[in-house]
Amino acid sequence: LINCVPDCKLPDDRSIHYGHRALGNGEIYFVSNQTTETKMITPEFRVKGMQPELWEAVTGYIRDLPAYDQKENTTAVPVKLEPYESVFVVFRKTAGKASASGVDSNYPAPALIADLKGPWTVNFNASQRGPEEPVVFETLKDWTTSQDDRIKYYSGTAFYNCKFKLEKLPASEQVIINLGKITAMAKVTVNGTYAGGVWTAPYRLDITKLIKEGENELKIEVVNTWVNRLIGDSKIPVGQRLTWCPVNTYTPASALQPSGLTGPVSILSVKY
């Protein structure tokens, strides 16, 4: 028995993977959730006397994690990972005893500012066989549930537009837009300024510098894959099909892929 301390102690079910890079002045750990479920874990990193930081892999946002436990040879850090989410836990500053404890201190619950229920004006692309005129969604829905085949089998880009009012913005807090669920990727514009893109959970973006009191305009550009179009075309005569690929495993009986923005979309505030 050599009493070797694990570089990063994780759950035994192998649901979380990691990588480690040592720098001259710190340590970088890449931690990845390999499941479809949100995971609350407390990895033990082989690091002593240093402050853990969370570096969000998707947005680049960096913040200290106030809750951690300094042990004899390791630092245990409560971490929350959304489905398939990956983050960096970085140690580069000296630290003593933690100022807080528990996963809730590292991930404080956000407050709801606005719940964007709709209506939504959605513009599809007629050249991709979508509706020529804008469509109004009173509530967000999966395209594949539509009775209109131009939407049901649509594959391409659609633009969601809505306006909403905010009576007051919280002071000294980060304002976030949470898109809920989308398939498969989205770009967000707030008041005419691009806020960023999302392609994996959590589908959230920092819009602190873009949001304002009063009326706001939101545009969300959503794109799906071409799976539904291949399935839709398989239901019509070969001579009328406009899509093809060398190997097509889809048939009229294939399940459609959920598509579009299904939400719920909300504006949140959080103070770290």
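Helices (H or I, at least four residues) and strands (E, at least two) are DSSP runs, numbered from the N terminus. The exercises below concern a predicted model, in which local features need pLDDT of at least 70, side-chain atom pairs count only at pLDDT 80 or more, and totals for chains, interfaces and linings use all residues. Residues are numbered from 1 along each chain as its sequence is written, and side-chain values use heavy atoms, with hydrogens and water left out.

**Exercise 1. Describe the protein as a whole.**

Step 1. Take the secondary structure: the protein has 3 helices and 23 strands.

Step 2. Take the extent: along the principal axes, the C-alpha atoms fill a box of roughly 70 × 50 × 30 Å.

Step 3. Take burial, where buried means under 20% relative accessible area, exposed over 50%, and partly exposed in between (1.4 Å probe, protein chains only). Of the 272 residues, 42% count as buried.

Step 4. Take contacts, meaning heavy atoms within 4.5 Å. Among contacts with a separation of 6 or more, 71% come from residues 24 or more positions apart.

**Exercise 2. Follow the strand pairing from V122 through β15.**

Step 1. Two strands pair if DSSP finds at least two bridges between them.

Step 2. Strand β13 (residues 120–123) pairs with strand β15 (residues 157–166) in the antiparallel sense, over 3 bridges. V122 has Y160 of β15 as its bridge partner.

Step 3. β15 is also joined to strand β21 (residues 214–223), antiparallel, by 10 bridges. Here Y160 has I220 of β21 as its bridge partner.

**Exercise 3. Characterise the largest pocket and the second largest pocket.**

Step 1. On a 1 Å grid over the protein atoms alone, a pocket is an open set of points where a 1.4 Å probe fits, with protein on both sides within 12 Å along at least five of seven lines; lining residues have an atom within 4 Å of a point. A volume is the space filled by probe spheres set on the points.

Step 2. The largest pocket holds about 720 Å³ of space. It is lined by 32 residues, and those closest to its centre are E56, I176, P202, R204 and Y272.

Step 3. Elements that each supply at least two residues of this lining include β6 (50–56), β16 (174–178) and α1 (103–106).

Step 4. Sort the lining by class: Ala, Val, Leu, Ile, Met, Phe, Trp, Tyr, Cys and Pro count as nonpolar, Asp, Glu, Lys and Arg as charged, and the others, Gly among them, as polar. The lining of the largest pocket divides into 19 nonpolar, 5 polar and 8 charged residues.

Step 5. The second largest pocket has about 340 Å³ of space. Of its 20 lining residues, G180, K181, I182, A201 and Y203 are the closest to its centre. By class, this lining has 8 nonpolar, 8 polar and 4 charged residues.

**Exercise 4. Locate the backbone features in the loops.**

Step 1. From A201 to P202 the peptide bond is cis, with omega near -5°. P202 sits in the loop between β19 (193–198) and β20.

Step 2. G263 and P264 are joined by a cis peptide bond with omega about 0°, and P264 lies in the loop between β22 (260–261) and β23.

Step 3. Y84, a residue other than glycine, has a positive phi near 60°. Y84 is in the loop between β10 (79–81) and β11, and its 49% relative accessibility makes it partly exposed.

Step 4. R129 is not a glycine, yet its phi is positive at about 70°. R129 is placed in the loop between β13 and β14 (135–137), and counts as partly exposed at 25% relative accessibility.
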